[in-house]
Amino acid sequence: MEELQKTALHDIHVARGARMVPFAGYSMPVQYEGVIAEHHCIRKDCGLFDVSHMGEVVVEGEGALAGLQWAMSNDLSKLVDGQALYTVMCTDNGGIVDDLIVYRERGDRYFLCINASRRHEDVAHLRETLSSFDCTVTDVSDEYGQIALQGPKAEAVLAKLTDLKFDDSFKAFFFCDTKVGSIEGVRVARTGYTGEDGVELYVASADAAALWEQLEEAGAEFGIKPCGLGARDTLRLEMKYALYGNDIDLEHNPIEAGLGWVVKLKKGEFRGSKAIEAYKAGDSKRRLVAFKMIGRGIPRKGYGLEVGGESVGVVTSGTHSPSLGEAIGLGYVSLEHAKVGTRLNVLVRGKSIEAEIVKPPFYKRDEV
């Protein structure tokens, strides 16, 4: 068995009593106090996630923009320095290699945050895809720790350590490199994976533990808690944020995954665009839908979906929503059964339980 890697924050997690689990080759905290308590902490106050297992890649050179425009579905030409963009990159047949965030440092240098489970595949794909462009692809993942500070009180915590404010000078999907507490050169990005406001902080691995402890100290009066991957999963699912390996993968394209909004066909041809255009025109026969359980039961990845006793799809993600007190899930169903309001049945451990397709996201801050 391959030995698990440890993030720079591993000892802190152990000291805080975290339950550690293997994930993407790393030993990661799945929970501390408990998933439900940590979930509510993010929704009501604020919390910290260690996401140092995520990958980071630098693409730079005169041909960096042109190369990334070919590799990515979204339009990077509209980015300014200090701005970020969510996108996917695809194979020639439109299958999703990964979803990621691209940060523009300057016109000839871009910083990419990629999924932990796709690090090596992504780097290989980028090097092959960009091989004819005048740019380099460098995997810098081992140089960084990454901490996500999320929740409605995240701004107040950050204000004790920096001069940053969540206003028009630092809008969503913008970033800057600044001093946070005593730590120089922290990349602060107003992004996240929870549906709450907050930031993701990229920091030199050697400084990650000190930054975490300073954030904990600054956030003590605001109820800050360390949070694990369990709460991160329930939070993202309430927002219908896709998880690679569950809801998106090489076998699914961005149109059927509901990610058509990050596909900019008008920007010009990019890798996979011809196939995606055909899917958009009607070749795609399935859709990723959100559903709530009507009967009692928790949907889980791999459970079957039926209409009238006939198989129409499969669950990709499911949980009991701590915010809503209901069981929710995502799954691919055949196109004719994908409309909001459609009743279907989930095969939960062999038992058929009724559910209904709903309009995402499940959780809306102004309604809960």
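**Around α7 and β18**

Mentor: Lys-240, just after α7, takes a positive phi of about 60°. Keep in mind that this is a predicted model.

Trainee: And α7 itself, how many of its residues are buried?

Mentor: Nine of its ten residues are buried, so α7 is largely enclosed by the rest of the structure. Among them are Leu-229, Ala-231, Arg-232, Leu-235 and Glu-238.

Trainee: What covers the buried residues of α7?

Mentor: The cover includes strands β2 (19-23), β3 (26-31), β4 (47-50), β17 (310-321) and β18, along with helix α2 (35-44).

Trainee: Which residues does Phe-49 touch?

Mentor: Leaving aside residues up to four places away in sequence, its contacts include Ala-231, Arg-232 and Leu-235, and also Ile-42, Trp-212 and Cys-227.

Trainee: Which residues of the largest nonpolar core touch the most other members?

Mentor: Phe-49, Ile-96, Tyr-103, Ile-248 and Leu-259, out of 40 residues. Elements that each supply at least two residues of this core include α7 (229-238), β15 (286-293) and β18 (326-334). The largest share, four residues, comes from β6. Apart from this core lies another, of 29 residues, including Ile-12 and Phe-170.

Trainee: Switching to β18. Which way do β15 and β18 run, parallel or antiparallel?

Mentor: Antiparallel, joined by seven bridges. One pairing there is Lys-292 with Ile-328 of β18.

Trainee: How many bridges join β17 to β18?

Mentor: Eight, and these two strands also run antiparallel. His-320 stands opposite Ala-327 in β18. The two strands form a hairpin with four residues between them, and Gly-325 in the turn has a positive phi of about 70°.

Trainee: Is β18 largely enclosed or not, and why?

Mentor: Largely enclosed by the rest of the structure, because eight of its nine residues are buried.

Conventions:
Residues are numbered from 1 along each chain as its sequence is written. This is a predicted model: local features need pLDDT of at least 70, side-chain atom pairs count only at pLDDT 80 or more; totals for chains, interfaces and linings use all residues. Side-chain values use heavy atoms; hydrogens and water are left out. A nonpolar core is a set of buried Ala, Val, Leu, Ile, Met, Phe, Trp, Tyr and Cys residues joined through side-chain atoms within 4.5 Å. Buried means under 20% relative accessible area, exposed over 50%, partly exposed in between (1.4 Å probe, protein chains only). Contact means heavy atoms within 4.5 Å. Two strands pair if DSSP finds at least two bridges between them.
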